[in-house]
Amino acid sequence: IQSGGDRRTPDAAMTIRPAHTADQQRIFELLHAQLGEHAIQPPDEALARAINRLLHTPELGRLLVAEVDGRVVGVAAVTLGATIERGGQSAWLEELY
């Protein structure tokens, strides 16, 4: 596994967990890098606002982070919505990095 210049052995334990407010800066860094790889450059304020909204408004969606050795190395952003054809709630994987 390679992330942020760190080299890890393939057997390094990875933990997936809900994101916390303390993860906000690292999530910003990861999503900024991911979007940049696709030549998408939202204003920093807009990206920070979107992350903050997902962290503090669970009815909109969730942020999950992947940790290796206590360091956040990945992020998933899931948004929630309604599905007409199923008549209920749906989840959409917006970002995975």
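# Exercises on a predicted α/β chain

From the N terminus on, the elements of the chain run β-β-β-α-α-β-β-β. Helices (H or I, at least four residues) and strands (E, at least two) are DSSP runs, numbered from the N terminus. The model is predicted, so local features need pLDDT of at least 70 and side-chain atom pairs count only at pLDDT 80 or more, while totals for chains, interfaces and linings use all residues. Residues are numbered from 1 along each chain as its sequence is written, and side-chain values use heavy atoms, with hydrogens and water left out.

## Exercise 1. The chain as a whole

Task: state how many helices and strands the chain has, what share of its residues is buried, and what its accessible surface comes to.

Solution.
- Step 1. The chain has two helices and six strands.
- Step 2. Of the 97 residues in the chain, 31% are buried; buried means under 20% relative accessible area, exposed over 50%, and partly exposed in between (1.4 Å probe, protein chains only).
- Step 3. The chain has an accessible surface of about 6,500 Å², with 54% of it belonging to carbon and sulfur atoms. Areas come from the Shrake-Rupley method with a 1.4 Å probe; for residues, only the protein chains shown count as cover.
- Step 4. Among contacts in the chain with a separation of 6 or more, 45% come from residues 24 or more positions apart. Contact means heavy atoms within 4.5 Å.

## Exercise 2. Helix H1

Task: compare the expected span of helix H1 with the distance between its end C-alpha atoms, then list its buried residues.

Solution.
- Step 1. The expected span of a helix is 1.5 Å times one less than its number of residues.
- Step 2. Helix H1 (residues 24–37) has 14 residues and should therefore span 20 Å; its end C-alpha atoms are 20 Å apart, which agrees.
- Step 3. The buried residues of H1 are Arg 26, Ile 27, Phe 28, Leu 30, Leu 31, Gln 34 and Leu 35.
- Step 4. An α-helix has 3.6 residues a turn, so residues three or four places apart point the same way.
- Step 5. Arg 26 counts as buried because its relative accessibility is 17%. Its C-alpha atom is separated by 9.1 Å from that of Gly 74, 48 residues apart along the chain.

## Exercise 3. Positive phi values

Task: for Ala 39 and Asp 69, give phi, then the location and the class of exposure of each.

Solution.
- Step 1. Most residues other than glycine have a negative phi, and most peptide bonds are trans.
- Step 2. Ala 39, a residue other than glycine, has a positive phi near 60 degrees. Ala 39 sits in the loop between H1 and H2 and is exposed, because its relative accessible area is 68%.
- Step 3. Asp 69 is not a glycine either, yet has a positive phi of about 55 degrees. Asp 69 lies in the loop between strand S4 (61–68) and S5 and is exposed, with a relative accessible area of 61%.

## Exercise 4. Two strand residues

Task: contrast Val 65 with Leu 80 in accessibility, and list the contacts of each beyond four places in sequence.

Solution.
- Step 1. Val 65 belongs to strand S4 and is buried, with a relative accessible area of 1%.
- Step 2. Beyond its neighbours within four places in sequence, Val 65 is in contact with Thr 15, Ile 16, Arg 17, Pro 18, Ala 19, Asp 23, Ile 27, Val 72, Gly 74 and Val 75.
- Step 3. Arg 17 is 48 residues from Val 65 in sequence and 5.6 Å away in space, C-alpha to C-alpha.
- Step 4. Leu 80 belongs to strand S5 and is partly exposed, with a relative accessible area of 28%.
- Step 5. With neighbours within four places left aside, the contacts of Leu 80 are Pro 58, Glu 59, Leu 60, Gly 61, Arg 62, Gln 89, Ser 90 and Ala 91. Ser 90 is 10 residues from Leu 80 in sequence and 5.7 Å away, C-alpha to C-alpha.

## Exercise 5. The largest pocket

Task: describe the volume of the largest pocket and its lining.

Solution.
- Step 1. On a 1 Å grid over the protein atoms alone, a pocket is an open set of points where a 1.4 Å probe fits, with protein on both sides within 12 Å along at least five of seven lines; lining residues have an atom within 4 Å of a point.
- Step 2. The volume of the largest pocket is about 220 Å³; grid points are joined across faces, edges and corners, and a volume is the space filled by probe spheres set on the points.
- Step 3. The lining has 13 residues, and Ala 50, Leu 54, Ala 77, Thr 79 and Glu 94 lie nearest the centre.
- Step 4. H2 gives the most to this lining, with five residues.
- Step 5. The lining divides into nine nonpolar, one polar and three charged residues. Ala, Val, Leu, Ile, Met, Phe, Trp, Tyr, Cys and Pro count as nonpolar, Asp, Glu, Lys and Arg as charged, and the others, Gly among them, as polar.
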